[in-house]
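Okay, thanks everyone for squeezing in. I'd like to walk you through one model this morning, so let's get it up on the screen.

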Amino acid sequence: MKTLLIGEYREGKLLDSTYELIGFAGQMGADTALFLVGSEGQLPAYDGALYLADTAVAGEYNPDLHKLLVLEAVQRENPDYIVFLHSSYGWDLAPRVAAALQVAQVSEVIGTRDGGFEVGCCNGKMRRSVKPATGKAVLTIQAGAFLGVRPGGSPKVTRLSNVSAAGVEFVGYEPAEAKGVDLAKAEVIVSAGRGVGKKDNVQVIAALAKALGGELGASRPVVDAEWVAHDHQVGTTGQTVAPKLYVACGISGAIQHLAGMKKSDFILAINKDKDAPIGEVADVLVVADLMQFVPALTAQLQK
Amino acid sequence: MLIVVCIKQVPDTTRVQIDPVTNTLIRDGIPFIVNPYDTHALEAALQLKDRFGFRVAAISMGPPNAEATLRKALSLGVDKAVLLSDRVFGGADTLATSNVLTRAIELLNLQEEVGLVLCGKQTIDGDTAQVGPGIATRLGYTQLTLVDRIEQVDSLRKRIRVRRKLEGRHEIVEAPFPAMITVVRELNQPRYPTVPMRLDSVDAEVAVWSNEMLKLDVASIGLKGSPTWVSKIFSPQREKGEIVGDGLNDPLATANLLIDKLLSKDLLAI
């Protein structure tokens, strides 16, 4: 079995997540070849075949051009799986490649089992095992789902000829808007989930955050309901965080949320439902009614 | 110029529960909603209609009861609604779904030139984010994903400039019509239907197109046309975290136990 792994550069730097692709292929027991649109000056610690196109010519992202470059590598390598990260890059490029090759795609893979790929569904409450039935398939893997592996060594580089492609015209980059809170820097985050019940109850969670010297976070449904501002959102569509202490209040644990906080050093979940998926990543679980327990905890902390 | 919005009826996944005995989804009584991301695509189309006078068509593939989703779109101001419904479309994965939507857009384009196709960035039930791009490739349209702002529309030159939401930054890109755009929530605030429009929508026509109309090869649609197989759906298996105290019956004692625990892990700044 052979995989063509589509790594990523961002703002001129090779992303560490590229090594997660190598880890994924290792877990599948597959041979690897790597594809990058990057620069000679910064090659990965990898000893296999590398198909390289130059960012200076191909741009950091020119979708039509990058698609053609990937297809060229696919033609030379004839892989069983073409694997992307489920980042904005893979999000946009993977389905283009799948459609061009007329093959199946499986998005946001979080595990492998019995020859199938595990993906989340229904807001992470359930998982599906999906098998592609086409000879080749395109996969995207969830960031953080597979451990990164650095094989070391120097890659055997094949330079890809640049073909030209018209279509989307790159105009420029803009920095993200300044965020009101930078959760990435917080040592303690206390997040409110749907389980808080209503907007007024958010202040109870905010009070606990304050008592613990931390910041308030939130899950997607809470932000969607406008109980908490979007800059507090933790998860793949919000911020990815790894504080010393993460307290999840009334958060059931959608995969997208778990992906955004599971690297926290210590996770405390406070939830009515002892079987909620958040228990999967929590170090400690308190089964309680939030509105009874959280004020009691806050009061005891303030003593 | 016509703008086509693809919308999907999905179960409200925030209310989906798992049967603790059978470990399967309890589907009874789960309300259906319009996929939340699609409501932002719809709003974007309606804003373009307000500004440039484009016409808007909403299309949806689904069972007959997905008509409710399209009626909601009509109540918000779309000019045309088409339900793509046929038993042979059932069991479709993203590829087979893309084939059906693509053909429907081709047919709409015969009636009125399509300039833009708008989709939500993903659905909340499948989460694959493949259908929009699948349509774009099949139609040969320019693909613009993860759009959080429409910067400029030049209806004469038929070009659009959008901002895409990436990790920690945005990308501004420009592309010619026809283009397929997938949108994120930050793009806009969806409107609510007015009472008169809601009343009007009750009698408005939702066209139903079956495969008799689309004439697609049955090998390319529904279950047969789907190259991914879901072998099973299951509940995540996990090692549970340690449960501390009895928070339901004795919150105070549990709070104290928990504080001891956090202190022992050096997690409280004292």
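Right, let's start with two helices, one from each chain. Look at α8(A), where Gln292(A), Phe293(A), Ala296(A), Leu297(A), Gln300(A) and Leu301(A) meet a set of residues in α7(B), namely Pro251(B), Leu252(B), Thr254(B), Ala255(B), Asn256(B), Leu258(B) and Ile259(B). By class, this contact of α8(A) with α7(B) splits into 9 nonpolar, 4 polar and no charged residues. Before I go on: this is a predicted model, so keep that in mind for everything I say.

Now the geometry of that pair. Helix α8 of chain A covers residues 290–302, and its axis comes within 9 Å of the axis of α7(B), the two crossing at roughly 55 degrees. At that angle α8(A) counts as oblique to α7(B). As for the hand, α8(A) passes α7(B) in a right-handed crossing.

Let's zoom out to the whole interface. How many residues of chain B are in contact with chain A? There are 66 of them, in contact with 66 residues of chain A. On the chain B side, the elements that put in two or more residues are α3 (94–111), α4 (131–139), β9 (142–154), β10 (159–165), β11 (169–176), β14 (228–234), β15 (242–243) and α7 (251–264). Which of those gives the most? That's α7(B), the helix we just looked at, with 8 residues. And the chain B side as a whole divides into 30 nonpolar, 21 polar and 15 charged residues.

There's a second helix pair across the interface, α4(A) with α4(B). These two pack at about 45 degrees, with their axes 9 Å apart, and that makes α4(A) oblique to α4(B). The crossing of α4(A) past α4(B) is right-handed. From α4(A) you get Pro95(A), Arg96(A), Ala99(A) and Ala100(A), and from α4(B) you get Pro133(B), Gly134(B), Thr137(B) and Arg138(B). The classes here come out as 4 nonpolar, 2 polar and 2 charged.

While we're on α4(A), have a look at what it does inside its own chain. Helix α3 of chain A, residues 63–77, packs on α4 of chain A, residues 88–101, at about 55 degrees with the axes 10 Å apart. That makes α3(A) oblique to α4(A), and their crossing is right-handed. On the α3(A) side we have Pro63(A), His66(A), Lys67(A), Val70(A), Leu71(A) and Val74(A), and they meet Asp92(A), Leu93(A), Arg96(A), Val97(A), Ala100(A) and Leu101(A) of α4(A). That contact has 8 nonpolar, 1 polar and 3 charged residues. Notice that Arg96(A) and Ala100(A) turn up in this contact and also in the contact with α4(B).

One oddity next door: Gln102(A) has a positive phi of about 60 degrees, and it isn't a glycine. You'll find Gln102(A) in the loop between α4 and β7 (104–113) of chain A.

Now the strands. The chains also join through a sheet: β12 of chain A, residues 169–175, runs antiparallel to β11(B), with 6 bridges between them. In that pairing, Phe170(A) stands opposite Val173(B). The full sheet is open, with 10 strands in the order β12(A)-β11(B)-β10(B)-β9(B)-β12(B)-β8(B)-β1(B)-β6(B)-β7(B)-β13(B), and mixed pairing. What stands at the edges? β12 of chain A and β13 (206–209) of chain B do, each with a single partner strand, so one side of each has no neighbour in the sheet. On average, neighbouring strands are turned by 30 degrees against each other, direction ignored.

Further in, β9(B) pairs in the parallel sense with β12 of chain B, residues 179–183, over 4 bridges, and there Leu144(B) stands opposite Ile181(B). Helix α2 of chain B, residues 67–76, packs on this sheet and touches β6 (55–61), β7 (80–84) and β13 of chain B, with its direction at about 170 degrees to that of β7(B).

Just ahead of β12(B) there's one more thing to click on. Phe177(B) and Pro178(B) are joined by a cis peptide bond, with omega about -15 degrees. Pro178(B) lies in the loop between β11 and β12 of chain B.

Last stop, the domains of chain A. The assignment gives domain 1 as 2–159 and domain 2 as 183–302, and their C-alpha centres lie 32 Å apart. Between them, 8 residues of domain 1 are in contact with 9 residues of domain 2. The domain 1 side of that contact has 2 nonpolar, 5 polar and 1 charged residue.

That's my tour, happy to take questions.

Methods. Residues are numbered from 1 along each chain as its sequence is written. Chains are lettered from A and ligands numbered from 1 in the order in which they are written. This is a predicted model: local features need pLDDT of at least 70, side-chain atom pairs count only at pLDDT 80 or more; totals for chains, interfaces and linings use all residues. Two residues are in contact if their C-beta atoms, placed from the backbone, lie within 7 Å. Ala, Val, Leu, Ile, Met, Phe, Trp, Tyr, Cys and Pro count as nonpolar, Asp, Glu, Lys and Arg as charged, and the others, Gly among them, as polar. Two strands pair if DSSP finds at least two bridges between them. Axes are lines fitted to C-alpha atoms, for helices over the stretch in contact, and angles run from 0 to 180 degrees between N-to-C directions. Angles under 35 degrees count as roughly parallel, over 145 as roughly antiparallel, 65 to 115 as roughly perpendicular and the rest as oblique. A crossing is left-handed if the near helix is turned anticlockwise from the far one by less than a right angle, and right-handed if clockwise. Domain bounds come from an automatic or database domain assignment.
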